[in-house]
Amino acid sequence: MGEELYELPKGWVWVKFEQLVQEFQNGLSKRKGLQGNPTHVLRLANIVNGKITPNEPRDILLTDEELEKYLLKVNELICIRVNGSDNLVGRVVIFNEKEPWAFCDHFIKISLIAGLVSVSYISYLFNTKIIRNYISLNKVSSAGQNTVSQTTISAVPIPLPPLAEQHRIVTKIEELFTQLDAGVELLKKVKAKLKRYRQAVLKAAVEGNLTKEWREANQGELEPASVLLERIFKQRREKWEAEQLAKMKAQGKTPKDDSWKLKYKEPVAPDTSDLSELPDGWIWGTIAQVAECLDYMREPVSKDERAKRIGNVPYYGANGLVGYIDEYIFDEPLVLVVEDETFIGRQIPFSYKITGKSWVNNHAHVLRATQAVDTDFLNYSLAYYPFTPLTQGTTGRRKLTQIALISAPYRLPPLEEQKYIVEEVERHLSVIDKLEKTIDTNIKRAERLRQTILKQAFEGKLVPQDPNDEPAEKLLERIKAEKANREADKKPKRQSTIKSKQPRKSKTTATQLELKLDD
């Protein structure tokens, strides 16, 4: 089994896994049945976090013979034979379901010698690094799938302690893991609360509650958002008129009157009849009034095309950064708004800010802030904003259209207050970020501690040895004897070859037959 195996305590012994196993069996390859017994069939989807989850079981019709062969029994081990993840292939779970289940050919069923080997001991052992490394080195990869064979699993090196010590080890592991699980669960609950607090901070920011005291202290000194917006509208119109005059001049045209100015379209104002009251100095507008939508400039790039144009320019989409290319279409601070329902309602920002050279695909709307709104404030406010309505997309998922985005009502504070809101939001979020990083670090530390517990357990350092325990060598002899007895019981009994004596029949030749016929 190799020189890399560590020295075991007195009374332990290294064995090949096959020495402890009564039977290995691959699963059912059948996917449909025309007649038979409707039976749950265990699939990879039913293995979650090392346990069997009977949610949404898939039934198949199995014959009586198939049931007898593939039906799982309580305390049998199921080994993941094939999986796309290198981290999952070769892992084992214990079957303890009350309902009858068969298993598909993604698994290998392992029947241990009942009463002589602890199923839980073997299950925990297969999660250790030494076993994981052995399986990883001996697996086969094909078409994106990792596979282990019965031969590989049979040869897995097993540190075998006395049976009584196996049970003590399992008891101690479960005791320590229960404490770890409780700690990790508490950390996850705190993290969930932090996510809710993050949303509460953004909500308070866009509703004006975060800066209430600051606003009261600076009352009368801030330019109202309505005045700011009017000035921006005037500047926007003047810019458009200058651009139109320049175009006409380039074409050699001179306007006869001002009728051409009627082509200018002001951004549509929101219907405020059903909108809530705002703090002093704030105003209801629309996103179209405070930002320019640049969706017409974005362009999707396929994965194959992106591979040809690989470079160092970030390429963004609904998931954020999705790759790099060698050119760019944007070179400024922008706010991207996720448009796909897949991400709506999830605990991630609904929008995110990008800076510098970049490319954006068609899964995110692109907004450029005007002088009426701070880019960071625009981003934080949209991260909280619950956009409605959504329209049905071609893929069956609803989408946030450009029209729905730019016409959505938008709370606009004075510009100075926007900047102060950004400072306060970032101050609060920086604290949240630090706490989340601390939680993530402790969760990872708990996982490392879990591996440390397993390492100590299977090196014989987790529980004390008892000199009165039956040594593993004698246990192994009993296992061999029990395996031999069970194999003998499986063999069909030979029928007796002794036949009862009967009178010997004479043979009639063809010639004799002819003579009798002649008579």
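User: What is the relative accessible area of Asn 75?
Analyst: Asn 75 is partly exposed, a class that lies between buried (under 20% relative accessible area) and exposed (over 50%), using a 1.4 Å probe and protein chains only. The model is a predicted one, in which local features need pLDDT of at least 70 and side-chain atom pairs count only at pLDDT 80 or more, while totals for chains, interfaces and linings use all residues. Residues are numbered from 1 along each chain as its sequence is written, and side-chain values use heavy atoms, without hydrogens and water. For Asn 75, the relative accessible area is 42%.

User: Where is the place of Asn 75?
Analyst: Asn 75 is not a glycine, yet its phi is positive, at about 75°. Helices (H or I, at least four residues) and strands (E, at least two) are DSSP runs numbered from the N terminus. By that numbering, Asn 75 sits in the loop between α1 (64-70) and β7.

User: Which loop holds Asn 49, and is this residue buried or exposed?
Analyst: Asn 49, not a glycine, has a positive phi of about 55°. Its loop runs between β4 (47-48) and β5 (51-52). Because its relative accessible area is 76%, Asn 49 counts as exposed.

User: How many helices and strands are in the chain?
Analyst: The chain has 519 residues, of which 42% count as buried. Its accessible surface, from the Shrake-Rupley method with a 1.4 Å probe and with only the protein chains shown as cover for residues, comes to about 31000 Å², with 51% belonging to carbon and sulfur atoms. The chain contains 14 helices and 26 strands.

User: What share of contacts between residues at least 6 apart in sequence join residues at least 24 apart?
Analyst: Contact means heavy atoms within 4.5 Å. Taking the contacts in the chain between residues at least 6 apart in sequence, the share that joins residues at least 24 apart is 77%.

User: What is the strand order in the open sheet of 3 strands?
Analyst: Two strands pair if DSSP finds at least two bridges between them. Strand β3 (residues 37-42) joins β10 in the parallel sense over 3 bridges, whereas β3 and β6 run antiparallel with 5 bridges. The pairing of the sheet is mixed, and its order is β6-β3-β10.

User: Which residue in β10 is the bridge partner of His 40?
Analyst: In β6, Ile 60 stands opposite Thr 39. In β10, Val 41 has Ala 102 as its bridge partner. For His 40, the bridge partner in β10 is Trp 101.

User: Which are the edge strands of the antiparallel sheet of 4 strands?
Analyst: This open sheet has the order β2-β11-β7-β9. The strands that pair on one side only are β2 (21-26) and β9 (92-95).

User: At about what angle does helix α13 run to β2?
Analyst: Axes are lines fitted to C-alpha atoms, for helices over the stretch in contact, and angles run from 0 to 180 degrees between N-to-C directions. Helix α13 (residues 472-490) lies across β2 and β11 (107-112). Its angle to β2 is about 55°.

User: How far apart are the end C-alpha atoms of helix α12?
Analyst: Helix α12 covers residues 415-458, which is 44 residues. The expected span is 1.5 Å times one less than the number of residues, so 64 Å is expected. The expected span agrees with the distance between the end C-alpha atoms, 64 Å.

User: What separates the C-alpha atoms of Ile 169 and Gly 460?
Analyst: Ile 169 belongs to helix α5 (residues 163-207) and counts as buried because its relative accessibility is 1%. Leaving aside neighbours within four places in sequence, its contacts include Ala 457, Leu 462 and Val 463. Gly 460 comes just after α12 and takes a positive phi of about 80°. Though 291 residues apart along the chain, the C-alpha atoms of Ile 169 and Gly 460 are separated by 8.6 Å.

User: Which residues does Thr 152 touch, not counting residues up to four places away in sequence?
Analyst: Thr 152 is part of helix α4 (residues 150-154). Its relative accessible area is 10%, so Thr 152 is buried. With residues up to four places away in sequence not counted, Thr 152 touches Tyr 134 and Asn 138.

User: How many disulfides does the count come to?
Analyst: Cys 104 is buried because its relative accessibility is 4%, and Cys 293 is buried with a relative accessible area of 14%. A disulfide is a pair of cysteine sulfur atoms within 2.5 Å. By this rule the number of disulfides is 0.
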